[in-house]
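Take a moment to look over the chain before reading on. The paragraphs below walk through it step by step.

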Amino acid sequence: MVQKKIFHTRTTIRPFLNSRMIKLFALFFFLFHSAGVHAETIQGVVVKVYDGDTISIITPNMEECCIRLQAVDAPEKDQPGYREAQIFLAKLLHGQTVHCVIDKLDKFNRTVGRLYLGETDVEYRLIRAGMAWHYEYYNQEEKLAQAQKKAQAQKIGIWKQKNPIPPYQWRKMQEEKLLPEIQNFRNTP
């Protein structure tokens, strides 16, 4: 008798769980699928250009938002091409209304995303002008890879240099130079 009851319970729960699981799966699929189609964006006026790949905007709510451009890696402050990239971006964007398709927040609490000035892809413009590297680790867009190849072939911007060092390698080299100094400082009584 007990066995019949368990069997009966299983047969009534299974269809319920199956239909419930199907509904939940459909809900999650819809939500995640929709998230890709309708990515979150932020809009504002550019008030500061920190370097060739980081800006600050003021939103319509009067909030300041720091944005790191997702698809590019521009020269670092002490690296050749830094000032040129910063000036290029400032001339293009300062005082302009832009919108950013948000990808994530980074470890510095900056918004990371793709930046547009109207219909203009800002990161494409930077790469095509030779002001930044296509950051392929975070972005695999073919049009950006092609823009970099064209800038390299024309030897413009950073590609005028004989052997330009990508910023991620430059940062690593700078960290390695500082490491012995930090270790010496720690060992000093």
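**A guided walk through the chain**

C100 is buried, with a relative accessible area of 0%. The model that shows this is a predicted one. What is the closest cysteine sulfur to that of C100? It belongs to C65, at 7.2 Å, and C100 is in no disulfide. A disulfide needs two cysteine sulfur atoms within 2.5 Å. C66 tells a similar story. Its closest cysteine sulfur is also in C65, 7.2 Å away, so a bond is ruled out by distance. C66 is partly exposed, because its relative accessibility is 24%. The count for the chain is 0 disulfides.

Now step back to the overall layout. The chain has 189 residues, and 35% of them count as buried. Its secondary structure comes to 5 helices and 8 strands. Read from the N terminus, the order of elements is α-β-β-β-β-α-β-β-β-α-β-α-α. Keep that order in mind, as the element names return below.

Next comes the interior. The largest nonpolar core holds 27 residues. Which of them have the most contacts inside it? They are I55, L93, L115 and V122. Many elements feed this core. Strands β1 (41–49), β2 (54–58), β3, β5 and β6 (111–117) each supply at least two residues. So do the helices α2 (82–93), α3 (122–128) and α4 (142–154). Helix α2 gives the largest share, with 4 residues.

From the core, turn to the pockets. The largest pocket has a volume of about 630 Å³. Its lining counts 26 residues. Nearest its centre lie R68, F108, R110, Y135 and R171. Three elements give two or more residues to this lining: β3 (64–69), β5 (97–105) and α5 (167–187). Of the elements, α5 gives the most, with 4 residues. What is the make-up of the lining? It divides into 14 charged, 10 nonpolar and 2 polar residues.

The second largest pocket holds about 170 Å³ of space. Its lining is made of D73, W133, H134, Y135, E136, Y137, Q148, P166, P167 and Y168. Here β8 (133–134) and α5 each supply at least two residues. The lining divides into 6 nonpolar, 2 polar and 2 charged residues. Find Y135 in both places: it lies among the residues nearest the centre of the largest pocket, and it also lines the second largest one.

Y135 leads on to the aromatic rings. The chain has 3 aromatic pairs. In one of them, Y135 meets Y138 edge-to-face, with 4.9 Å from centre to centre and 90° between the planes. In another, Y137 and Y138 are also edge-to-face, at 4.8 Å centre to centre and 85° between the planes. Y135, Y137 and Y138 form one aromatic cluster. Are these three tyrosines buried or exposed? Y135 is buried, because its relative accessible area is 14%. Y138 is partly exposed, at 38%. Y137 is exposed, at 66%. Y137 also belongs to the lining of the second largest pocket.

Last, look at the backbone. Most residues other than glycine have a negative phi. Which residue in the loop between β2 and β3 has a positive phi? It is M62, with a phi of about 65°, although it is not a glycine. M62 sits in the loop between β2 and β3. M62 counts as exposed because its relative accessible area is 67%.

K155 is another such case. Its phi is positive, at about 50°, and K155 is not a glycine either. Where is K155 found? Its place is the loop between α4 and α5. K155 is exposed too, with 56% relative accessibility.

To retrace the route, begin at C100, which is buried. Go on to the largest nonpolar core and its 27 residues. Then find the largest pocket, where α5 gives the most to the lining. Pass along the cluster of Y135, Y137 and Y138. End at the loops that hold M62 and K155.

How values were computed. Residues numbered from 1 in each chain as written. Predicted model: local features only at pLDDT ≥ 70, side-chain atom pairs only at ≥ 80, totals over all residues. Heavy atoms only, no water. 1 Å grid on protein atoms, 1.4 Å probe; cavity = no way out; pocket = protein on both sides within 12 Å on 5 of 7 lines; lining within 4 Å. Points joined across faces, edges and corners; volume = space filled by probe spheres on them. Nonpolar A, V, L, I, M, F, W, Y, C, P; charged D, E, K, R; others polar. Buried < 20%, exposed > 50% of the residue type's maximum accessible area, 1.4 Å probe, protein only. Phe/Tyr/Trp six-rings, centres within 6.5 Å; stacked < 30°, edge-to-face > 60°. Core = buried A, V, L, I, M, F, W, Y, C linked by side-chain atoms within 4.5 Å.
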